[in-house]
Structure formats: structure tokens, C-alpha cells
Amino acid sequence: MVRKIILPAIAGLLVALAGYMIFSPESLTGGSEEVATTTSQPLMAASAQEAGAADVGEEADATEIVVDEMVLGDPDAPVTIIEYASHTCPHCARFHDEVYPELEANYIETGQVQFILREVYFDRYGLWAGMVARCGGPVRYFGIVDLIMENQREWTQGEPQDIAANLRRLGRSAGLTDDMLDACLTDNAMAEALIATSTANAEEDQVQGTPSFIINGRAYSNSEFSRDYVTILDTLIAEAN
């Protein structure tokens with residue numbers, strides 16, 4: 001079944017998790033395999049202790065960090081699809097393996113659909129994956145997401161330091177340098193902003209699980225869209241014309 005979202009508790013849960021990893025400069029520069037250390041200080045712990053888990057959004061707003069919307073396709077396309085997905089969700093990986101390639105080739109690249117991917121973070125690993133995917137900017141984002149989804153079963157295996165190393169290897173295979181990855185994975189302020197933005201978007205669109213889709217303002221479940229996406233999109237395109 002799809003992974004269910006319980007809102008608004010998800011932001012507080014992520015911040016409160018004691019298993020978050022801080023990437024130290026020493027470990028990050030110690031070689032390609034010695035990439036991370038686990039400490040007793042969770043990611044974003046300092047701000048959470050000072051402000052409380054419920055204030056994560058306020059902390060992110062205070063830094064004025066802009067979280068870019070990740071978009072493919074013609075902005076004037078008659079259909080806009082917003083997908084809510086988690087990088088650690090098996091059903092999201094299956095959608096990106098079985099449905100998304102045809103959707104991209106037949107609708108996005110032909111100018112009929114604008115596609116927006118919004119990340120949902122169920123766990124620290126999904127957040128790390130999102131930070132790696134965004135590390136190359138909008139141009140490389142979707143290519144890195146493809147790698148993350150295609151290799152989900154492999155990179156999610158092991159202890160936290162193993163998973164961090166796996167994600168870094170995927171990033172390097174996409175052309176990211178160690179310096180770029182170091183900077184992205186130690187950016188706690190961006191992590192806060194990502195969580196705050198993700199939570200706000202999911203609340204606004206009343207997202208209950210992943211993957212979920214908002215198509216021209218209407219919500220569709222994964223099973224409904226994956227089964228009937230051709231009919232759904234062709235109908236909307238015909239109506240627009």
C-alpha cells in the first residue's frame with residue numbers, strides 16, 4: 001500500500017528523530033569512502049531545542065531560504081501534474097520505473113504536460129536523498145532523481161553511514177563533486193526549509209500518502225492515475241483545446 005502521511009506531525013517527527021546525522025568537515029574530507037560520522041546531535045537539533053519542533057517552519061522562514069519548485073515541461077501546457085513522492089517509498093520508485101518514462105516521452109516532452117515533483121520526507125534518508133538530488137540544481141535534479149529511484153533498493157541498505165556513502169556515490173555518478181556534496185549535506189538551514197516547505201505543500205493539497213497526484217487542481221491516488229493516466233490526460237488535453 002502507499003505510504004500514508006500524518007500531518008502536521010511529520011515536521012516535528014523529523015526534527016525530533018535522535019538518529020539524524022551531522023556530516024562533519026573532518027569525515028567529509030577524509031576520503032571518498034569515509035564520508036560521515038553519527039553524533040548525538042541530531043540534524044537541526046539546536047534550532048529544535050531552542051524553538052520547539054512545532055516552530056520548524058518559522059526557523060526556515062527566518063533564514064529566507066527559497067526552496068525551488070522542480071519543474072519539467074512547458075509552463076503553458078494545458079495540463080499540470082504535481083506529484084508528491086518520497087525517495088524511500090517503493091511505490092514511488094515503481095511509478096518512476098513503470099509509468100513516468102512514458103509520461104515524460106509522450107506528454108511532457110511534447111509540450112502537453114507540465115510536471116512538478118514535490119518531495120515528502122518520511123525519514124532522514126529521504127531527506128538526505130532530496131538534498132543530494134537538489135545539489136546539482138534544477139538542471140540535474142530530475143536525472144539524479146531517476147538514479148535515486150532506480151537504485152532505491154540498493155542505496156537504502158545498511159547503517160546510516162552506509163546509506164550516506166551510497167547516496168554520495170550516486171551523486172558522484174551524476175557529476176557532482178565531493179565539495180558540492182559536502183556543502184549540500186551540511187546545509188542544515190536548507191534541510192529545515194525543505195521540511196517546512198514539504199509539510200506546508202502537503203497540508204495545502206491535503207495529501208494523504210505517496211505517490212499522490214494533483215492534476216489541474218484535482219487529486220488522484222496512485223492506483224487511479226497509474227491505471228488510467230492516458231485517459232485522464234487525453235481527456236484534459238482535449239477539453240483544453
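The lining of the largest pocket is a mix by class: 7 charged residues, 5 nonpolar and 2 polar. Keep in mind as you look around that this is a predicted model. Besides that pocket, there's a disulfide between Cys135 and Cys184 to find, and a nonpolar core of 53 residues.

**The largest pocket**

- The space inside the largest pocket comes to about 340 Å³.
- If you want to find its centre, look for Ala93, Arg94, Asp97, Met149 and Glu150, which lie nearest to it among the 14 lining residues.
- Four helices each give two or more residues to this lining: H5 (90–98), H6 (100–108), H8 (137–150) and H9 (152–155).
- Of the elements around the pocket, H5 gives the most, with 5 residues in the lining.

**The disulfide and other cysteines**

- The count here is 1 disulfide, and Cys135 and Cys184 are the two partners, with 2.2 Å from S to S.
- The link between Cys135 and Cys184 is right-handed, with 90 degrees about the S-S bond.
- This pair ties together distant parts of the chain, 49 residues apart: Cys135 sits in the loop between helix H7 (124–134) and H8, while Cys184 belongs to helix H11 (residues 178–185).
- Are the two partners buried or exposed? Cys135 counts as buried because its relative accessible area is 11%, under the 20% cut-off.
- Cys184 has a relative accessible area of 21%, so this partner is partly exposed.
- Two other cysteines to look up are Cys89, buried with a relative accessible area of 0%, and Cys92, also buried at 0%.

**The nonpolar cores**

- Which residues have the most contacts inside the largest nonpolar core? They are Ile81, Leu103, Ile215, Phe225 and Leu233, and the core as a whole has 53 residues.
- Helix H7 supplies the largest share of this core, with 7 residues.
- Ile215 is a handy place to start exploring: leaving out residues up to four places away in sequence, Ile215 touches Val79, Thr80, Ile81, Tyr220, Phe225, Ile232, Leu233 and Leu236.
- Among those neighbours of Ile215 are Ile81, Phe225 and Leu233, which you've just met in the list of residues with the most contacts inside the core.
- There's also a second core, separate from the largest one, made of 8 residues. Tyr84, Ile116, Val207 and Ile214 are among them.

Terms used:
Residues numbered from 1 in each chain as written. Predicted model: local features only at pLDDT ≥ 70, side-chain atom pairs only at ≥ 80, totals over all residues. Heavy atoms only, no water. 1 Å grid on protein atoms, 1.4 Å probe; cavity = no way out; pocket = protein on both sides within 12 Å on 5 of 7 lines; lining within 4 Å. Points joined across faces, edges and corners; volume = space filled by probe spheres on them. Nonpolar A, V, L, I, M, F, W, Y, C, P; charged D, E, K, R; others polar. Disulfide = S-S within 2.5 Å. Buried < 20%, exposed > 50% of the residue type's maximum accessible area, 1.4 Å probe, protein only. Core = buried A, V, L, I, M, F, W, Y, C linked by side-chain atoms within 4.5 Å. Contact = heavy atoms within 4.5 Å.
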